[in-house]
Structures are given as C-alpha cells and as structure tokens.
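Q: Could you take a close look at one part of this chain with me? I'd like to start from a single residue and work outwards.
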Amino acid sequence: MSNFAFNNPAFKQQDPRNVATYPGAPQGARGAQAASFQHATVDAAANAQLEGMYAAPPAGSIETDRMSVEDTVWKTAGLFGILLVTAAIGWVWTLGGTDINSFSTVSLVPWMIGALGGFVLAMIITFTSRKKVRPALIFAYAALEGLFIGGISAFFEVLYPGIVLQATLATISVVGVTLALFASGKIRASKKATKIFMVAMVGYLVFSLLNLVLMWTGVLPASQAFGLYSAEIMGIPLGLIIGVLVVIMAAYSLVLDFDQIQQGVRNGAPRVYGWLGAFGIMVTVVWLYVEILRIIAIVRGNN
C-alpha cells in the first residue's frame, strides 16, 4: 500500500526551481542545476583571475605606457652610453691619434662641432618638447655632447696630465652625493631657492658672455688664459670662487631634474617624457663636468 503522504500535490507537482540530484531528473531541474554549476564555474574563474592578478608582479612603464623612475634611469644610462662612445671618437680626433704628449697635433674641430651643434639641439629640444618629444634629437644631442666632452677633455689632458680623471671623479662624487641627499629627503627643490637659482643663472650667463667677448676682441691680455676667470682677488683666482658657486648651482640643478622626474612619475606622465628627464640630467652633468674641469685647470695653472 502506498503511503498517502506521497499523494500530496507538493510531491507530484514538478517545480522547475527544484535542483535535481539524480540522473533522469526533470528537464527544468536539470536546467537549474546547470545554471547553478555554470555560475559557480564563473565565480571560480573570477576568483582565480583575481588571485593571479594579485600574485603577478606590478605593471611596469611598458605595460602602462607611463613614466617611471626605473625607465628614466635606463634612458639616462643609454644616453650616457652614446656620449661615452662619441667622446672616445672626439678624443682621438682631437689628438690626431692616441698620443697625448704632442700638443702640435691637437685639433679643436670636434670641440667646436660638439659645442655648437649641442647648443643648437638643446635649444630645439627645450622649446619644442611641449608639443612633441623627439628621442632622435636627444640621441643626436648626446652624440654631439660626446664630441665636445672628448675634445675638451683631450685638450686639457695635454696641458694638465691627469686632469680628466680628477674632473671625472669629482663630477661623479657631486652627482652621487646630490642623488643620495635627494633620495633621503634631506634636500628638496623650493620656490624660493629656485628663484635664487634662476637669478644666479642669468648673472652667470651674462658674466660668461662678457668674458668671451673680452677674450675674442683681445681686450684681455693673452696671459689670462681663462679671461676674467684668471683674475685674482686677494690672491685667490676669481675662477675658483665663481667655480665653487657654479658647482653648487649645478648641484641644485640636479635636484630640480630629480624633482621634475619625480613629479612626472607621480602625475602619470606618458612614458616618452622619460627622455626629457634623461636629457635634463645629461645637460646638468655635462655642465658640472666642464666647470670642475675649468676649476682644476685654473688651480693647476696657478701652481
């Protein structure tokens, strides 16, 4: 005898929302079960994707096409690599070979080409970068600056043997100390300091142009090899006093370069702007090296 309890319509009416747990279940129940299984599968896939995203390394500048400190460092290293290669060419070209003992073979052609070409390109890059950054121009600038550095270094090395190594070590020391102080937060760019820096830069540029004009026109005697820089104040060469101030200015210029790179990374600037950051660092380091080279030459010349 069948159990009357099973005669209840609740057991006989097929509810499509029921979940079948056995083969041969009604179609509606099987559909609900399939939908539930599909939903669980989607949830599992989503969870796995999230776990993979969390486990994956953070996206770099290439993936995000955004400026980063690491990418800018690599760009800077690449530009200095180009500079070193062309500096070696400029060195050999200036000396007419590799002999640094003969001053009669020294050529100023690479020095002049590098200085003038580099200045023109620097102006073009500076005033056109707001519209478009052109890495090719920055590469060309690095190459021309290499010719200039190689030429001027070879010239001074003939006059004062060992001066290039001294200037190089001093430049690396200033850059390293400035970077360490900036990274530690001990020095930062400020509006007041930047205004003072800009005024000092204008004054220094005017002084440099005046010195060049006086030297080219023959107003200054030939005995003053560095023009007004060779003048003395209380027995101290003016070039030494100005040189120390200029080195401090160049160090602050590096701080401005680092600060701008940091702001670019923080604001999510496009990755291509890393080339401008590298360009700014190169301009400052070349300027710093030349100033230190001149300081050492003035001191050694007086001795």
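What does Arg 66 count as, going by its relative accessibility?

A: Arg 66 counts as partly exposed, because its relative accessibility is 40%. For that scale, buried means under 20% relative accessible area, exposed means over 50%, and partly exposed is in between (1.4 Å probe, protein chains only). Before we go on, keep in mind that this is a predicted model, where local features need pLDDT of at least 70, side-chain atom pairs count only at pLDDT 80 or more, and totals for chains, interfaces and linings use all residues. Residues are numbered from 1 along each chain as its sequence is written, and side-chain values use heavy atoms, with hydrogens and water left out.

Back to our residue. Arg 66 sits in the loop between helix H3 (61–64) and H4. Helices (H or I, at least four residues) and strands (E, at least two) are DSSP runs, numbered from the N terminus. Now look across the sequence: Arg 66 and Val 265 are 199 residues apart along the chain, yet their C-alpha atoms are 7.5 Å apart in space.

Step into helix H4 and you find Thr 72. Thr 72 is buried, because its relative accessible area is 2%. Leaving out residues up to four places away in sequence, Thr 72 touches Met 67, Ile 261, Gly 274, Gly 277 and Ala 278. A contact here means heavy atoms within 4.5 Å. Long-range pairs like these fit into a wider count: of the chain's contacts between residues at least 6 apart in sequence, 75% join residues at least 24 apart.

Helix H4 (69–95) also gives two or more residues to the largest nonpolar core, so let's go there next. A nonpolar core is a set of buried Ala, Val, Leu, Ile, Met, Phe, Trp, Tyr and Cys residues joined through side-chain atoms within 4.5 Å. This one has 66 residues, and Phe 156 and Ile 163 have the most contacts inside it. Besides H4, the elements giving it two or more residues are H5 (109–128), H6 (135–159), H7 (163–183), H8 (191–216), H9 (238–266) and H10 (274–302). H10 gives the largest share, 17 residues. Pick out Phe 156: beyond its neighbours within four places in sequence, it is in contact with Ile 163, Phe 226, Leu 293 and Ala 297.

Helix H5 is a nice one to turn around on your screen. Its 20 residues should span 28 Å at 1.5 Å a residue, and the end C-alpha atoms are 28 Å apart, so the two agree. (That expected span is 1.5 Å times one less than the number of residues.) Its buried residues are Pro 110, Trp 111, Gly 114, Gly 118, Leu 121, Ala 122 and Ile 125. Seen down the axis, these fall within an arc of 120 degrees, so they line one face of the helix. The arc is that of the directions from the helix axis to the C-beta atoms. The face turned away from the buried side carries the exposed residues Leu 116, Phe 119 and Phe 127. Gly 117 lies in H5 too, and it touches Met 112 and Leu 144, not counting residues up to four places away in sequence.

Now H8. Its 26 residues should span 38 Å at 1.5 Å a residue, which agrees with end C-alpha atoms 38 Å apart. After H8 comes Gly 218, whose phi is positive, near 80 degrees. Met 234 also has a positive phi, near 55 degrees, and it is not a glycine. Most residues other than glycine have a negative phi. Met 234 lies in the loop between strand S1 (232–233) and strand S2 (236–237), and it is exposed, because its relative accessible area is 82%.

Zooming out, the chain has 10 helices and 2 strands, and 36% of its 303 residues are buried. How far can you trust the picture? pLDDT is the predictor's confidence in each residue, from 0 to 100. The chain's mean is 81, and 75% of its residues reach 70 or more. H7 has the highest mean among the elements (95), and helix H1 (residues 9–12) the lowest (36). Over residues 1–25, pLDDT stays under 50. Where pLDDT is low, the predicted coordinates should not be read in detail.
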